[in-house]
Amino acid sequence: MKQITIAYIMLCLIYSCNSTKDMSPATSQDSGDNIEKIPFVEDLLQKMTLEEKIGQMNLYNGFYDLTGPAPAGGDAAIKYANLSKGYVGGMLNVRGVKNVRKLQKIAVEESRLGIPLIFGYDVIHGFKTLAPIPLAESASWDLEAIEQSARIAAMEASAAGLNWTFAPMVDISRDARWGRVMEGAGEDTYLASKIATARVQGFQGNDLSDPSTIAACAKHFAAYGFAESGKEYNTVDMSNVVLHNVILPPFKACVDAEVATFMNAFNTLNGVPATSHNYLQRDVLKGAWNFQGFVVSDWGSVGEIVTHGQASDEKEAGALAVRAGSDMDMESYVYINHLKELVDSNRVNKEDIEDAARRILNVKYKLGLFDDPYKYCDEQREKEIIRASEHRAAVLEMAKKSIVLLKNDRELLPIRPNQKVAVIGPMVEEKNSPLGSWRLASDDHTAVSIREGLEQYENIEWTFAEGVRLLDAAPAFVLETKINMDDRTGIDEAVSIAKENDVVIMALGEHGFQSGEARSRTQLDLPGLQQELLEAVYAVNPNIVLVLNNGRPLTIPWAKDNIPAILEAWQLGTESGNAIAQVLMGDYNPSGKLTVSFPRAVGQLPLYYNQKNTGRPVPMDNQEMVFWSHFGDESNMPLFPFGFGLSYTSFKYSDFQVHLNADNNIDVRIKIANTGQRQGEEVVQLYIRDLAASITRPVLELKGFDKIDLKPGESKELQFSLTDKELGFYNDQGRFIVEAGQFDVFVGGSSDKLMKKTVDRK
Ligand code: BGC
């Protein structure tokens with residue numbers, strides 16, 4: 001009997017080894033041979049001097065906006081001189097047809113070969129007409145709407161003379177302290193990859209040479225969102241398993257969508273600056289993934305290789321960056337100042353310069369700039385397209401889809417006709433903050449405020465009060481925000497109007513400039529005196545609807561325990577107040593679901609749903625026992641989990657079926673019914689857990705979703721198929737492998753409320 005058992009185990013082991021499939025090469029050396037050779041560009045390269053090729057690798061900031069630490073315009077005289085010599089490949093932060101045309105004219109008419117410039121800009125969530133911040137958009141789980149939003153941004157930006165956006169940011173982050181969580185698609189790799197694809201397609205369309213599309217840029221390659229303690233620009237150290245399974249897939253999705261460019265990152269990864277990271281840029285991106293576009297550095301990041309302590313001077317930094325595959329230098333002037341000498345002294349290969357120049361020229365060629373360098377410079381189009389009314393209508397739809405209903409006890413929402421409503425808080429009249437961070441081209445104070453949105457509903461008796469000011473000084477893009485910590489003069493008025501009304505809407509949150517680049521925070525509660533205001537109002541009228549405006553998850557456990565209704569309204573862009581009003585009034589049924597876990601306390605961070613089990617997870621039997629993975633003073637659970645969001649209607653999940661088909665794929669079926677009184681949309685989520693694998697797998701992993709619209713009483717059956725692609729993972733060599741064994745399959749409307757079935761996969 002014993003022998004049989006051992007033989008059986010041996011067989012199983014052999015079988016499970018045999019059934020592990022290695023699906024992909026981890027890396028392959030980038031030889032430069034795979035890059036497309038476009039005859040026009042090849043001819044041009046033949047004619048170019050070394051200096052002119054290096055010039056293509058030089059990206060200057062313009063003379064207007066500033067998004068990094070340099071004097072506005074830098075040394076303008078040098079920049080203008082280099083433009084006319086043909087020593088500049090592109091400009092950033094120049095916008096408007098007039099300005100773009102002026103600089104393009106110098107490059108095209110004054111330089112020896114007349115090579116046109118590429119014009120880049122941070123078109124992150126719109127240009128003039130602003131969509132919600134990217135994190136908010138991700139909460140819609142609506143890929144078509146997200147693609148359309150990027151499309152509108154591209155139309156407006158291209159009408160302003162631009163042909164390249166520094167977006168999408170596809171950095172995964174699990175730490176809400178990091179200010180740039182507002183700019184990404186949340187904590188989940190699967191969803192973020194889908195959103196990355198949608199955004200690239202939205203910006204680039206099917207044809208880069210169409211003057212209404214622009215080149216996209218997948219950034220920041222890589223692992224920038226894993227900065228230690230969420231502190232901006234901080235060190236990143238991580239295993240290959242995390243790098244390949246969590247960080248890289250959204251970037252790979254961008255390559256698959258033929259993104260034209262990549263941007264590297266400010267951080268080091270395991271001790272090597274991303275900008276001089278050979279493995280990332282040469283082995284993975286240009287090698288294994290065969291990326292055909294070019295890589296731009298982040299602002300000054302070539303020069304920062306010295307500051308990081310990898311190079312002793314700028315010359316060495318330039319050599320390291322070029323060798324590692326950074327094709328274009330944004331604003332550190334290292335390439336333009338040192339590359340020629342580095343090539344002459346054989347410290348940099350001519351072939352690496354040739355390859356970088358070719359990649360940049362290929363993108364310009366695909367944009368159609370050699371056919372017509374002024375194709376984005378049409379004043380008439382600029383006038384007609386920017387702020388077009390259809391764009392406002394589209395960003396309003398996007399804004400509504402981005403809102404997440406977090407709590408709705410006693411069905412306090414929607415507001416009923418003829419109710420008397422007090423509207424209190426520093427966000428009520430705000431027209432600037434809802435525009436969010438990263439919106440340089442837009443005009444300040446142009447968002448529809450919550451007050452303006454609500455006042456359109458005339459059957460309600462509204463009373464408004466600020467309660468407390470959030471800021472002491474108007475924030476500028478480059479200055480720290482100053483929070484009001486002592487002016488309480490408005491609290492009494494707020495309390496007295498709260499007493500006299502049926503319901504109180506409280507609009508609280510973060511200012512738009514409290515998140516974004518270099519906006520890390522150690523405390524994530526409501527800033528300033530807002531919590532005090534909330535509690536003072538609650539003491540006299542607990543019928544509160546809390547409307548949150550914020551660029552990242554906040555720690556609001558008191559509000560969750562006490563406030564009956566909470567609406568997460570992020571920073572929703574130009575149409576913010578209208579979107580919020582329509583949801584509050586029930587003209588739109590909220591359908592968003594969180595794409596980031598909300599922590600109960602900052603000490604829980606990093607916090608994410610797809611964690612590992614550990615050797616000592618929650619003890620089921622003996623809760624008194626102390627030796628398990630937990631905090632002594634706080635729950636392990638998030639305040640609001642990934643995938644969570646309520647609706648004004650209700651959904652029932654039934655008929656859950658899971659079976660292994662003849663191709664060894666797992667087929668999943670689920671029926672969803674709208675059991676409430678209103679039409680509504682539901683994001684149906686599919687998760688797996690690989691129960692035993694050669695490298696431990698997370699307790700849950702999103703592997704599919706669908707957003708469906710159901711009328712009251714209506715139901716739909718959905719089908720999913722889980723194949724090698726969803727069931728495999730990357731090992732510590734970065735190889736994609738698929739292993740046999742048991743998988744739990746889960747379905748539901750939130751990561752914390754799922755139905756489960758288990759299946760054995762061969
Ligand atoms: C940011 C990039 C941005 C660049 C240009 C940098 O500070 O990290 O995301 O694209 O500036 O504005």
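This is a short tour of one predicted model, from its sheets and helices to its cores and a single loop residue.

Let's start with a sheet. It is open, it has five strands, and the order is β5-β4-β3-β2-β11, with parallel pairing. Which strands sit at the edges? They are β5, residues 164–165, and β11, residues 329–330, and each pairs on one side only. Now look inside that sheet. Strand β3, residues 90–92, pairs with β4, residues 118–121, in the parallel sense, and three bridges hold the pairing. To find the register, put Leu 92 opposite Gly 120 in β4.

Next, a helix pair. Two packed helices are described by the angle between their axes and the distance between the axes. Here the pair is α7, residues 143–159, and α8, residues 189–204. Their axes come within 7 Å and cross at roughly 35°. The crossing of α7 and α8 is right-handed. Who meets whom? On the α7 side you have Leu 143, Ile 146, Glu 147, Ala 150, Arg 151, Ala 153 and Ala 154. On the α8 side you have Lys 194, Ile 195, Ala 198, Arg 199, Gln 201, Gly 202 and Phe 203. By class, that contact has eight nonpolar, two polar and four charged residues.

Over to strand β20, residues 680–690. Why call β20 largely enclosed by the rest of the structure? Because 11 of its 11 residues are buried. In a regular strand the side chains alternate between the two faces of the sheet. In β20 both faces are covered. One side carries Gly 680, Glu 682, Val 684, Leu 686, Ile 688 and Asp 690. The other carries Glu 681, Val 683, Gln 685, Tyr 687 and Arg 689. Note the charged names in those lists: Glu 682 and Arg 689, for example, are buried too.

What does β20 pair with? One partner is β21, residues 701–710, antiparallel, over nine bridges. There, Gly 680 has Leu 710 as its bridge partner. β25, residues 741–750, also runs antiparallel to β20, and six bridges join them. On that side, Asp 690 stands opposite Phe 743.

Now the cores. The largest nonpolar core has 155 residues, and Phe 262 and Ile 424 touch the most other members. Another core lies apart from it, with 45 residues, among them Trp 178, Phe 266, Phe 294 and Val 296. Back to Ile 424 for a moment. Its contacts further off in sequence include Ala 465, Ala 494, Ile 497, Ala 498, Ile 505, Leu 533 and Val 537.

Some of those names come back in helix α18. Its buried residues include Ala 494, Ile 497 and Ala 498. What do the buried residues of α18 pack against? The list is β13, β14, β15 and α19.

One more helix: α12, residues 314–323. Buried here are Ala 317, Gly 318, Ala 319, Ala 321 and Val 322. They pack against α10, α11, α13 and α14. After α12 comes Gly 325, with a positive phi near 100°.

Last stop, Ile 483. Where is it? In the loop between β14 and α18. Ile 483 counts as partly exposed because its relative accessibility is 22%, and buried would need under 20%. Its C-alpha is 7.7 Å from that of Ala 473, 10 residues away along the chain. Beyond four places in sequence, Ile 483 touches Leu 470, Leu 471, Asp 472, Gln 514, Pro 527 and Gly 528.

Notes:
Residues numbered from 1 in each chain as written. Predicted model: local features only at pLDDT ≥ 70, side-chain atom pairs only at ≥ 80, totals over all residues. Heavy atoms only, no water. Helix = DSSP H or I, 4+ residues; strand = E, 2+ residues; numbered from the N terminus. Buried < 20%, exposed > 50% of the residue type's maximum accessible area, 1.4 Å probe, protein only. Contact = heavy atoms within 4.5 Å. Pairing = 2+ DSSP bridges. Axes fitted to C-alpha atoms, helices over the stretch in contact; angles between N-to-C directions. Left-handed = near helix turned anticlockwise from the far one by under 90°. Nonpolar A, V, L, I, M, F, W, Y, C, P; charged D, E, K, R; others polar. Core = buried A, V, L, I, M, F, W, Y, C linked by side-chain atoms within 4.5 Å.
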